[in-house]
Amino acid sequence: MSSSDILIHTERGVMTMTLNRLDRKNSITLAMYSAMADALLAAESDAATRVAVVQGHETVFSAGNDIGDFLHRPAGGMDGPAFRFLRGIATFSKPLLAAVCGPAVGIGTTMLFHCDLVYAGDNAAFSMPFVNLGLCPEAASSLLAPQMLGYHRAAEALLLGEPFMAEAALEVGLVNRVVPPTEANGVAQAAAHKLAVKPIGSLIETKRLMKKGQQQLVLQQMADEGLIFSRLLGEPAAKEAFGAFMEKRKPDFSKL
Ligand code: COA
């Protein structure tokens with residue numbers, strides 16, 4: 001990873017992780033997952049850090065997992081960097097915010113199910129095209145997407161893999177506010193700084209109480225998905241999909 005692919009910056013109690021790999025549309029490599037997982041762990045145990053924010057660029061949040069890594073360096077099981085990051089966001093005890101503009105593909109969308117507040121630019125486009133890649137949902141999105149979007153809209157997003165835009169995300173409650181893309185990061189920072197001066201004990205207990213009903217279920221679903229995801233990564237459909245992406249052609253699943 002180039003040391004600048006993830007920028008980590010803490011100011012007045014707010015730790016901000018900025019996805020900064022614009023030439024690859026902020027797709028996330030194993031090294032980037034590791035850096036974010038480490039930053040979340042450090043923020044968890046640092047009493048001075050009270051809130052975390054993940055943000056991208058006003059033109060793109062994230063194109064999801066790096067497809068080259070999918071092809072050459074499989075996720076590495078439940079102790080690998082991607083799962084470490086997923087567990088980190090699912091169990092982060094302090095407020096976690098996101099600012100999302102432009103494409104938010106795959107984990108770019110599914111990580112948002114674990115954020116407490118999400119601010120979107122009006123250019124945000126959310127998609128979970130796992131089936132189109134021969135894969136299955138991750139980040140407990142097979143549980144959380146139907147809960148949040150309703151079954152049929154979740155099926156549209158997860159089976160057809162079709163994108164939905166900021167206004168639709170606002171309607172279902174995946175995002176809190178839609179703002180001009182140039183303002184999204186600033187709006188998220190303002191909310192984070194508002195939270196950072198509130199009593200941390202109350203914030204942590206309130207979040208824990210809101211989540212405790214299904215925390216174990218979420219972690220179990222993530223683990224179940226992870227096993228299937230890892231198996232599917234090695235199968236012909238995924239290899240065809242990634243090969244097609246690299247060769248800039250449409251995948252052909254007709255013979256599989
Ligand atoms: N992994 C690795 N490289 C990626 C990538 C990814 N997930 N997403 C984009 N890139 C690369 C492209 O290959 C391209 O490289 P090149 O300049 O060498 O050709 C570069 O980033 C720019 O991407 P491009 O597709 O030209 O940008 P776009 O603005 O037309 O489209 C996206 C943006 C995000 C819609 C599109 O890149 C995309 O669909 N990416 C794949 C998303 C995906 O399937 N992710 C996995 C989810 S599980």
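Contact means heavy atoms within 4.5 Å. The model used in these exercises is predicted.

## Exercise 1. Asn65 and its surroundings

Task: place Asn65, classify its exposure, and list what it touches beyond its sequence neighbours.

Solution.

1. Locate the residue. Asn65 lies in the loop between β3 (51-55) and α2.
2. Classify it. Buried means under 20% relative accessible area. Asn65 has 14% relative accessibility, so it counts as buried.
3. Apply the contact cut-off. With neighbours within four places in sequence set aside, Asn65 is in contact with Ser27, Ile28, Tyr33, Phe70 and Ile107.
4. Look for a polar contact. The side chains of Asn65 and Tyr33 are joined by one of 2.8 Å.
5. Check the ligand. Asn65 is among the closest of the residues that surround it.

## Exercise 2. The ligand site

Task: describe the shell around the ligand, then its polar pairs, then its cover.

Solution.

1. Count the shell. The ligand is surrounded by 15 residues. The closest are Arg24, Ala63, Asn65, Ile67 and Lys248.
2. Find the pocket. The ligand takes up the space of the largest pocket.
3. Assign elements. Those that give two or more residues to the shell around the ligand are α2 (67-72) and β5 (103-105).
4. Start the polar pairs with Lys248. An N or O atom in the Lys248 side chain is 2.6 Å from an oxygen atom of the ligand.
5. Move to Ile67. A polar backbone atom of Ile67 lies 2.8 Å from a nitrogen atom of the ligand.
6. Add Lys25. A polar atom of the Lys25 side chain is 3.3 Å from an oxygen atom of the ligand.
7. Finish with the area. On its own, the ligand has 870 Å² of accessible area, and the protein covers 65% of that.

## Exercise 3. A buried asparagine in a loop

Task: which backbone oxygens does the side chain of Asn26 reach, and is Asn26 buried or exposed?

Solution.

1. Place the residue. Asn26 sits in the loop between β2 (14-19) and α1.
2. Read the exposure. The relative accessible area of Asn26 is 0%, so Asn26 is buried.
3. Take one polar pair. A polar atom of the Asn26 side chain lies 3.3 Å from the backbone oxygen of Leu19.
4. Take another. The Asn26 side chain also reaches the backbone oxygen of Val60, at 3.3 Å.
5. List the contacts. Not counting residues up to four places away in sequence, Asn26 touches Leu19, Asn20, Arg21, Gly56, His57, Val60, Phe61, Ser62, Ala63 and Gly64.
6. Link back to the ligand. Ala63, one of the residues Asn26 touches, is also listed among the residues closest to the ligand.

## Exercise 4. The cover of α3

Task: how many residues of helix α3 are buried, and which are they?

Solution.

1. Set the range. Helix α3 spans residues 81-91.
2. Count. Eight of its eleven residues are buried, so α3 is mostly covered.
3. Name them. The buried residues of α3 are Pro81, Ala82, Phe83, Phe85, Leu86, Gly88, Ile89 and Ala90.
4. Identify the cover. What covers them includes α1 (30-45), β4 (96-100), α4 (107-110) and α10 (215-233).
5. Recall helix geometry. An α-helix has 3.6 residues a turn, so residues three or four places apart point the same way.

## Exercise 5. Positive phi without glycine

Task: what are the phi values of Ala139 and Ala140, and where do these residues lie?

Solution.

1. Take Ala139. Its phi is positive, about 60°, although Ala139 is not a glycine.
2. Take Ala140. Its phi is near 65°, again positive in a residue other than glycine.
3. Place Ala139. It is found in the loop between β7 (125-127) and α5 (141-149).
4. Place Ala140. It lies in the loop between β7 and α5.
5. Check exposure. Ala139 is buried, with a relative accessible area of 1%. Ala140 counts as buried at 0% relative accessibility.

## Exercise 6. Sequence distance and space

Task: classify Ala42, Lys194 and Tyr151 by exposure, then give one C-alpha separation for each.

Solution.

1. Ala42 is in helix α1. At 43% relative accessible area, Ala42 is partly exposed. Ala42 and Glu225 are 183 residues apart in sequence and 27 Å apart, C-alpha to C-alpha.
2. Lys194 is in helix α8 (residues 181-196). Its relative accessibility is 60%, so Lys194 counts as exposed. Lys194 and Thr29 are 165 residues apart in sequence, with 32 Å from C-alpha to C-alpha.
3. Tyr151 is in helix α6 (residues 151-160). With a relative accessible area of 57%, Tyr151 is exposed. The C-alpha atoms of Tyr151 and Asp252 are separated by 28 Å, with the residues 101 apart along the chain.

Terms used. Residues are numbered from 1 along each chain as its sequence is written. This is a predicted model: local features need pLDDT of at least 70, side-chain atom pairs count only at pLDDT 80 or more; totals for chains, interfaces and linings use all residues. Side-chain values use heavy atoms; hydrogens and water are left out. Buried means under 20% relative accessible area, exposed over 50%, partly exposed in between (1.4 Å probe, protein chains only). Helices (H or I, at least four residues) and strands (E, at least two) are DSSP runs, numbered from the N terminus. A residue is near a molecule or strand if one of its heavy atoms lies within 4 Å of it. A polar contact is a pair of N or O atoms within 3.5 Å; within protein, one must be able to donate a hydrogen and the other to accept it, and residues adjacent in sequence count only if both atoms are side-chain atoms. Accessible areas come from the Shrake-Rupley method with a 1.4 Å probe; for residues, only the protein chains shown count as cover. On a 1 Å grid over the protein atoms alone, a cavity is a set of points where a 1.4 Å probe fits but cannot get out, and a pocket is an open set with protein on both sides within 12 Å along at least five of seven lines; lining residues have an atom within 4 Å of a point. A molecule sits in a cavity or pocket if more than half of its atoms lie within 2 Å of its grid points.
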